[in-house]
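Colleague: I have a few questions about this model. Please keep the answers short.

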Amino acid sequence: MTEQVPDAPDAPRGAAEQAVLRAALRDCLILVGGLAVLGSVVGLLVAGLPGLWGALIGAALAAFFCGTTVWSMLYTVGKGATAMGAVVMGSWLAKMIVLIVVLVVITQFDFYDRVVLFVVLLLGAVGSAVLDYRAVRNGRMPYVEPEATTDVKP
């Protein structure tokens, strides 16, 4: 991937963090798109139409998880630690509730392959974590953000 360009000195606060998170979101969306296509093809070949449905449901859940995580971080850039903690924890709780509700609802049906769904969801979760790590590692974030300087003579 390309290396991100450092921010200009007059860039708004949090611009470097936003660039890193946007890169993570872009990469996760590409991952989920690839999982949906490749998982659908493999699922269709392995388990027929139920495999296709399993791959699509798994990719949708992976997109929801990945997107919610990055969105919550983007939303809290520049806010205090308490606000960030509350939003991130709230989004995590919401994701768990959605996952439980979806799994409870779809266990009543047999139109999808559970193994394909699990594999696609697992690949999405692990791949998303790896891509988030890579975005942070490759991000160009300053350790110190200089304040506006004034010409003060001693």
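Colleague: Keeping in mind that this is a predicted model, what span does H1 reach from its first C-alpha to its last?

Modeller: H1 has 33 residues. At 1.5 Å a residue, 48 Å is expected. The span in the model is close to that, at 46 Å.

Colleague: Which residue follows H1, and what is its phi?

Modeller: H1 covers residues 15-47. The residue that follows has a positive phi. That residue is Gly 48, with phi near 75°.

Colleague: Is H1 roughly parallel or antiparallel to H2?

Modeller: H1 (residues 15-47) and H2 (residues 49-75) pack with their axes 7 Å apart. The angle between them is about 170°. Angles over 145 degrees count as roughly antiparallel, so H1 to H2 is roughly antiparallel.

Colleague: How many nonpolar, polar and charged residues make up the contact of H1 with H2?

Modeller: One residue of the contact of H1 with H2 is charged. Six are polar. The nonpolar ones number 20.

Colleague: Which two residues touch the most other members of the largest nonpolar core?

Modeller: This core holds 16 residues. H1, H2, H3 (81-106) and H4 (114-138) each give two or more residues to the core. The largest share, six residues, comes from H2. The two residues that touch the most other members are Ile 57 and Val 120.

Colleague: Leaving aside neighbours within four places in sequence, which residues is Val 120 in contact with?

Modeller: Contact here takes heavy atoms within 4.5 Å. Two glycines are on the list for Val 120, Gly 39 and Gly 58. The others are Leu 35, Ala 55 and Ala 59.

Colleague: How many residues are in the second, separate core?

Modeller: Val 20, Leu 21, Ala 24 and Val 77 are among its members. The core is separate from the largest one, and its residues number six.

Colleague: Is Ser 128 buried or exposed?

Modeller: Ser 128 is found in helix H4. Beyond its sequence neighbours within four places, Ser 128 is in contact with Cys 28, Leu 31 and Cys 66. Its relative accessible area is 10%. Buried means under 20%, so Ser 128 is buried.

Colleague: And what about Thr 76: is that residue buried or exposed?

Modeller: Thr 76 is found in the loop between H2 and H3. Leaving aside neighbours within four places in sequence, Thr 76 is in contact with Ala 83, Met 84 and Val 87. Its relative accessibility is 4%, so Thr 76 counts as buried.

Colleague: How far apart in space are Thr 76 and Gly 14?

Modeller: In sequence, Thr 76 and Gly 14 are 62 residues apart. In space, C-alpha to C-alpha, they are apart by 9.8 Å.

Key:
Residues are numbered from 1 along each chain as its sequence is written. This is a predicted model: local features need pLDDT of at least 70, side-chain atom pairs count only at pLDDT 80 or more; totals for chains, interfaces and linings use all residues. Side-chain values use heavy atoms; hydrogens and water are left out. Axes are lines fitted to C-alpha atoms, for helices over the stretch in contact, and angles run from 0 to 180 degrees between N-to-C directions. Helices (H or I, at least four residues) and strands (E, at least two) are DSSP runs, numbered from the N terminus. Angles under 35 degrees count as roughly parallel, over 145 as roughly antiparallel, 65 to 115 as roughly perpendicular and the rest as oblique. Ala, Val, Leu, Ile, Met, Phe, Trp, Tyr, Cys and Pro count as nonpolar, Asp, Glu, Lys and Arg as charged, and the others, Gly among them, as polar. A nonpolar core is a set of buried Ala, Val, Leu, Ile, Met, Phe, Trp, Tyr and Cys residues joined through side-chain atoms within 4.5 Å. Buried means under 20% relative accessible area, exposed over 50%, partly exposed in between (1.4 Å probe, protein chains only). The expected span of a helix is 1.5 Å times one less than its number of residues.
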